[in-house]
Protein chains: 2
Amino acid sequence: MLRDGSGSTEELSTTGRVADVLRERIVEGALPPGTALREVAVAAELEVSRNTLREALRSLASEGLVVQTPNRGVSVRALTAAEVRDIYRTRRVLETQAATESAVADEAHFTAMADAVAAKERAERARRWTEAGTASLHFHQALVAVLGSHRIDEFFRTLLAQLRLAWAASRDEERFQRGWAARDRELFELLRRGHRTQSVGVLLVYLEDSERQVLDGLRQARGAPPDDRSERNARGRSPRADAT
Amino acid sequence: MLRDGSGSTEELSTTGRVADVLRERIVEGALPPGTALREVAVAAELEVSRNTLREALRSLASEGLVVQTPNRGVSVRALTAAEVRDIYRTRRVLETQAATESAVADEAHFTAMADAVAAKERAERARRWTEAGTASLHFHQALVAVLGSHRIDEFFRTLLAQLRLAWAASRDEERFQRGWAARDRELFELLRRGHRTQSVGVLLVYLEDSERQVLDGLRQARGAPPDDRSERNARGRSPRADAT
DNA sequence: TCGCCAAGGATTGTTCAACAAGGGTCAATG
DNA sequence: CATTGACCCTTGTTGAACAATCCTTGGCGA
């Protein structure tokens, strides 16, 4: 869903398929941050050998969706506050520059952004929050695409996937998505009209607010459950901590 | 050498070590672009199992140093002209922004840059071109570091590693390195003094020239050897095409 | 009761051997 | 000379095995 749109007849290796499935589950929140991915269990459930699973996990690790601790295996990444700030620092760098250059952007870029914004509005009206989240990410992805670098696009994609991890962690995505369609729209219109400095200003406030919201959600998710340290119980006796 | 300086007592898994060795060989040019990495041969030479090797290769693939073609295995990446342009587009985005923000940069960043520039000058005087190349990369790495994002640093590191692939491909690194110390120095002094717009201008010319040079080297490397298409003979009968 | 220590179990890291599938080579054939 | 087909090499994937490491748990002593 956050994957690049290479689409339909994609012949994928087993390892690639496994990586896709796990990525999906992680990004969608089916596997909350901190969840330990025990190799035998996951391999059995996905009906692949442990070796192929390990290859897939290594891919996910290099995308930052999963962390690998020596002799303790991999677990779904639990972003720290510092890491969230790091992500937003990166977003500011890339998105403000994109906003600045969008004045001379290709028309295709604007239609892509417009599509994403429209999709977001539809999703929000329908109260389909997960879809709304995806659309929002697509909007910003389209914005960064005006920089015209495939590598940046790819990098930004992994960045947003990590960020989405934080959303999915919080129980109600609604709180994260509600009301942002309007702000996406506002930002888009400014970009569209080529109001360079103004759009950058709005963008910075946008990102500031978004960052604060994610950080709040993080603090709350960490504080609310009495004995859930989201780290400690990754291994051990947590009711459904493995991926089966 | 281009790895992050976590340094000394680093306990690394076998997979990690294998990845490091191969990364080194690739970046240093011991394995020229297009070289096919046959699993059994490489695994035997490095004295690891095929499975472990495959995990390491997957890491390298996600760093872009190696390409994975289904059913045909992995081979050292051979950058196309379009990809080189893509890399420089990315560099422009990150480095110009870094130059702009360097006005308010931490002092530590400047000392890092100064160290790199000094190292580059020493290496160039000593005519140690490989070292000179490394130093130059460190300078730009230090520049981008002022953006203050760990993720950008990491991203930029893989970017430069890929670029270095193109240098190493050309037979004489001297042509790539000679004379650039002065330009690095010039750029650094401008940054140091906080001449914002001027340093950005110089930087853009710098990158423009560098890009042209790499592209020229690429064209030449592709044109010069009569029957070396750097792709065709990756597999097949090339004298020393595998990594043994 | 509390804390320390050893035994035991579980999980990862790594290896080995095997086989199917796909691709390339090369020679025979039309 | 182009095509076909057999052959071989290489990759993709599996299953089982073992050592090393970590966590848990129960026993022991204070």
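Before I start, a word on classes: I count Ala, Val, Leu, Ile, Met, Phe, Trp, Tyr, Cys and Pro as nonpolar, Asp, Glu, Lys and Arg as charged, and the others, Gly among them, as polar. With that in hand, and bearing in mind that what we are looking at is a predicted model, the residues of the surface near DNA strand C divide into 2 nonpolar, 11 polar and 10 charged.

Where does that surface come from? At least two of its residues are supplied by each of α3 (50-62) of chain A, α1 (14-28) of chain B and α3 (50-62) of chain B. Of the 23 residues around the strand, the ones that come nearest are Arg50(A), Arg54(A), Thr14(B), Asn51(B) and Thr52(B).

Let me turn to individual atom pairs. Arg50(A) places a polar side-chain atom 2.7 Å from a base nitrogen of DNA strand C, whereas for Arg38(A) the partner of the polar side-chain atom is a phosphate oxygen, at 3.4 Å. On the other chain, a polar backbone atom of Thr14(B) lies 2.5 Å from a phosphate oxygen of the strand. If we take the atoms of DNA strand C within 4 Å of the protein, 67% belong to sugar or phosphate, and the rest belong to bases.

Finally, how are the two protein chains related? A turn of 180° with a shift of 0.0 Å along the axis lays chain B on chain A, with an RMSD of 0.0 Å, and this is therefore the relation of a two-fold axis. Within chain B, the C-alpha nearest that axis belongs to Glu55(B), at 2.7 Å. Both copies use the same surface, in that 100% of the contact residues of chain B recur in chain A.

Definitions and conventions
Residues numbered from 1 in each chain as written. Chains lettered and ligands numbered in written order. Predicted model: local features only at pLDDT ≥ 70, side-chain atom pairs only at ≥ 80, totals over all residues. Heavy atoms only, no water. Least-squares fit on C-alpha atoms with pLDDT ≥ 70 in both. Contact = heavy atoms within 4.5 Å. Near = heavy atom within 4 Å. Polar contact = N/O pair within 3.5 Å; in protein donor to acceptor, adjacent residues only side chain to side chain. Helix = DSSP H or I, 4+ residues; strand = E, 2+ residues; numbered from the N terminus.
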